Amino acid sequence: ASRLHLGCISAASRLHLGRISAASRLCLLFSLEVPRALEKNAFSLVAPNAAAFATAVVLGFAVNIASFLVIQRTSSVMLKLLGTARNAGLVLFSAVFLGEEITPLQGFGYALSLAFFGLYNYYKIKGL
């Protein structure tokens, strides 16, 4: 019963902090970003690229849902490790297949990061 009670407090806190966060972000948006966008007529880019903007919204929402599900099924540590592995994998993919230049030390660091991610998963699966 106490766990359920703590979960309710946590949900209420997130709801309260979410409103404060949204309000502060809206203030910053309307004071800093909107005037600059209006000055540069940036909103005119939305209509011709509506599909791209809609896709970005859907994918952003999907990433947030996926992050939530990863944390629910595993842990926040795993989410952090997945992010690190994704970044390292992207850099190595770009270097190998797209011709991006990285130094040998950078390549070693990214490869090491991926290797330890694999080791972590191996030991996690084996229960060691």
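**Helices α3 and α4 in a predicted model**

Let me begin at the end of helix α4, which is followed by Gly-127, a residue whose phi is positive, near 75°. Helix α3 has a similar entry, for it is followed by Gly-99, whose phi is also positive, in this case near 80°.

Before going further, I should say that what we are looking at is a predicted model, and that the protein chain averages a pLDDT of 86, with 91% of the residues scoring at least 70. Within the chain, confidence is highest in helix α2, residues 50-73, at a mean of 91, and lowest in helix α1, residues 2-39, at a mean of 80. Over residues 1-7 the pLDDT stays under 50, and for this stretch the model has 1 contact beyond four places in sequence. Where pLDDT is low, the predicted coordinates should not be read in detail.

Now to the helices themselves. The 22 residues of α3 should span 32 Å at 1.5 Å a residue, and the C-alpha atoms at its ends are 31 Å apart, which agrees. For α4, which has 23 residues, the distance from the first C-alpha to the last is 32 Å, close to the 33 Å expected at 1.5 Å a residue.

Which residues of α3 are buried? They are Met-78, Gly-83, Ala-85, Ala-88 and Ser-94, and these buried residues pack against α2 and against α4, which covers residues 104-126.

Let me stay with Ser-94, which lies in helix α3, residues 76-97. Is Ser-94 buried or exposed? Its relative accessible area is 14%, and because this is under the 20% cut-off, Ser-94 counts as buried. If we leave aside residues up to four places away in sequence, Ser-94 touches Gly-99 and Glu-100, and Gly-99 is the residue with positive phi that I mentioned after α3.

Val-96 is also in helix α3, but with a relative accessible area of 62%, Val-96 is exposed. Its C-alpha atom is separated by 34 Å from that of Gln-72, and the two residues are 24 residues apart along the chain.

Finally, we return to α4, where Phe-108 is found. Phe-108 counts as exposed because its relative accessibility is 51%, and the cut-off is over 50%. Phe-108 also belongs to a nonpolar patch on the surface, together with Leu-105, Leu-112, Phe-116, Leu-119, Tyr-122, Tyr-123 and Leu-128, and the patch residues have about 890 Å² of accessible area together.

Methods:
Residues numbered from 1 in each chain as written. Predicted model: local features only at pLDDT ≥ 70, side-chain atom pairs only at ≥ 80, totals over all residues. Heavy atoms only, no water. pLDDT = per-residue confidence, 0-100. Helix = DSSP H or I, 4+ residues; strand = E, 2+ residues; numbered from the N terminus. Contact = heavy atoms within 4.5 Å. Buried < 20%, exposed > 50% of the residue type's maximum accessible area, 1.4 Å probe, protein only. Expected span 1.5 Å × (residues − 1). Patch = residues over 30% accessible without salt bridge, like charges linked within 9 Å, V, L, I, M, F, W, Y side chains within 5 Å. Areas by Shrake-Rupley, 256 points an atom, 1.4 Å probe, with all protein chains shown as cover. Salt bridge = Lys/Arg side-chain N within 4 Å of Asp/Glu carboxyl O.
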